[in-house]
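Reader: Hey, got a minute to walk me through this one? I'd like to get my bearings before I head back to the bench.

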Amino acid sequence: MYIVQIASECAPVIKAGGLGDVVYGLSRELEIRGNCVELILPKYDCMRYDHVWGLHEAYLNLWVPWFGAAIHCTVYCGWVHGRVCFFIEPHSEDNFFNRGCYYGCDDDDMRFAFFSKAALEFLHQSNKRPDIIHCHDWQTGLIPVMLYEIYKYHGMDTQRVCYTIHNFKHQGIGGVKTLWATGLNREAYYFQEDKLRDDYNPFALNYMKGGIVYSNAVTTVSPNHALEAQYTDVGCGLGHTLYLHKDKFSGILNGIDYDFWNPEIDRYIPYNYNQDDFEQKLYNKKALRERLLLQAADKPIIAYIGRLDNQKGVHLVHHAIYHALNKGAQFVLLGSATEAGINAHFRHEKQFLNSNPDVHLELGFNEELSHLIYAGADMIVVPSNYEPCGLTQMIGLKYGTVPIVRGVGGLVNTVFDRDYDQNLPPEKRNGYVFYQSDNQALESAMNRAIDLWYQAPEKFQQLAIQGMNYDYSWNNPGTEYLNIYEWIKYKW
Ligand code: ADP
């Protein structure tokens, strides 16, 4: 099949979170299985150009209709660790992608409406006719809308769209301006309840809702989150729309790229290891301590890696640090916050704990260091308020780092409690799960993990190895996505 992925991120060249990892990992898997895969991305000024090989101008004269006029764009082509990527660079005063950041601008709705329009224009003008267009998150929600309302009538009538939602919280809210800009001219029509009108603000257009309504198949990133999104508040108001479209909606667990996240071949860690020479992990622990100036002591290291925001349960992250210290463990945090208040809080925390030899808080984004932490820590804590899939627990498992997670979203599909999971035999269990979002629940799970580490180290090691035996690669998700592509290609 000929598949085009259109997204606002692709790791490692453009990565703000898990979306980038998924877009890269899925594309790679699909290509390994003999499909032709291409990616279309914005050309941001701040992306990691050192991860693009052979970047060159591929399409010089892309004129993208915008507000009745047109914006001139150049499309670049380059290889990101083997994947063919097209990067769209608009030349206009708006400077859509030259902002020194990927997201967080006041006109994000217009920036990504433009990107969606430009991506479709690029396919159209360059005569690319993929079997499947796979779009991701709110940034590309307008693509199926424009495909079926405009481009279908310009020779793009055999393309089918799979739309994957990675996070329901950010839905892309625009207004009538979006319609004027993109050439979706019938205001009254698009503002209908069964089209793009936001369910809670009758004057707003919801891009993600448009993506759900117009795509041939809609997925989210774990089976449990697919249920939560339809029936609980984590659907952030889209539950009803999902329910109406439930026949084409499903959850597919993300994979992780074992070429990149694999302690056996990881280039960023000093000692490679696998289940058979697990003791090598101890040397990585030592290296981690040296790197972060933690004292050498006979203590477990608990880690947190991830964004610091409300989704991730920052109140529990904060508590986990102090509880770990109370229980005689060490704590390493690698995280970045975009919200000023949370950022200030953790900066203050870092200062306060500065002289404590058992804790290190690293505030910022550091890919290389994250690998050493996964390899050197004994446990990784993921206390999210909600978690569509979650990659850090799966990476932790691969590195023999026992996850302690809250039982929400994809965490339920990937971590199985050592003491209480009734559905699996003990030799298949791989971590610790708690359910309530309060300190006591977190403490009880941390206590069980820390106590096992101290009291029965061989059993703790066994648990870590059981986690390493799980296959959370792209193997299974790759098959599931291909099944969906086949289904929409031949059914519609
Ligand atoms: P998100 O909600 O951010 O997508 P995921 O768990 O799905 O969360 O994915 C997080 C990804 O980003 C993982 O690959 C994790 O290692 C990485 N990551 C998150 N924060 C940082 C950071 N501060 N430094 C390095 N890597 C990070």
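**Two domains and what lies between them**

Author: Sure. Keep in mind that this is a predicted model. To start with the domain contacts, 18 residues of domain 1 are in contact with 12 residues of domain 2.

Reader: Which elements of domain 1 supply at least two residues to the side that touches domain 2?

Author: H1 and helix H7 (223-231) each do that. H7 gives the largest share of that side, with 4 residues.

Reader: And how do the residues on that side divide into nonpolar, polar and charged?

Author: On the side of domain 1 that touches domain 2, 10 are polar, 5 nonpolar and 3 charged.

Reader: Back up a sec, where are the domain bounds?

Author: Domain 1 is made of 2-255 + 475-491, and domain 2 runs over 275-468. Taken over C-alpha atoms, their centres are 33 Å apart.

Reader: What does UniProt say about domains?

Author: An unreviewed UniProt entry puts "domain: Starch synthase catalytic" at residues 3-242. It also has "domain: Glycosyl transferase family", again from an unreviewed entry, covering residues 296-461.

Reader: How much helix and strand is in each of those spans?

Author: Residues 3-242 are 30% helix and 28% strand, with the end C-alpha atoms 25 Å apart. For residues 296-461 the figures are 43% helix and 19% strand, and the end C-alpha atoms lie 20 Å apart.

Reader: OK, back to H7. Which of its residues are buried?

Author: Asn224, His225, Ala226, Glu228, Ala229 and Gln230 are the buried residues of H7. Their cover includes strand S10 (217-220), helix H8 (239-244), strand S11 (249-251) and helix H14 (409-414).

Reader: Now the ligand. How many residues surround it, and which are the closest?

Author: There are 17 residues around the ligand, and the closest are Gly17, Gly18, Phe365, Ser370 and Leu391. Helix H1 (18-32), strand S12 (301-307), strand S13 (330-336) and helix H12 (367-376) are the elements that give two or more residues to that shell.

Reader: Which domains does the shell draw at least three residues from?

Author: Domain 1 and domain 2 each provide at least three residues of the shell around the ligand. By type, the shell holds 9 polar, 5 nonpolar and 3 charged residues.

Reader: Which residue does UniProt list for "binding site"?

Author: Lys15, and that also comes from an unreviewed entry. Lysine 15 sits in the loop between strand S1 (2-6) and H1.

Reader: Buried or exposed, that lysine 15?

Author: Buried, because lysine 15 has 20 C-beta neighbours inside 10 Å, and a residue with 20 or more counts as buried. Leaving out residues up to four places away in sequence, lysine 15 touches Glu9 and Gly20.

Reader: Last topic, the largest nonpolar core. Which of its residues touch the most other members?

Author: Those are Cys10, Ile88, Ala119, Ile143, Ile302, Ala320 and Ala449, out of 147 residues in that core. Helix H2 (residues 108-125) gives the core its largest share, 10 residues.

Reader: Why do you say the core lies between the domains?

Author: Because domain 1 and domain 2 both give residues to this core. In soluble globular proteins, nonpolar side chains tend to be buried together.

Reader: And what does isoleucine 88 touch?

Author: Not counting residues up to four places away in sequence, isoleucine 88 touches Ile40, Pro42, Lys43, Cys73, Val75, Phe115, Ala118, Ala119 and Phe122.

Note on methods:
Residues numbered from 1 in each chain as written. Predicted model: local features only at pLDDT ≥ 70, side-chain atom pairs only at ≥ 80, totals over all residues. Near = placed C-beta within 6 Å. Nonpolar A, V, L, I, M, F, W, Y, C, P; charged D, E, K, R; others polar. Domains from an automatic or database assignment. Contact = placed C-beta atoms within 7 Å. UniProt positions renumbered as here; feature names shortened; annotations may be inferred. Buried ≥ 20, exposed ≤ 12 C-beta atoms within 10 Å, placed from the backbone. Core = buried A, V, L, I, M, F, W, Y, C linked by C-beta atoms within 7 Å.
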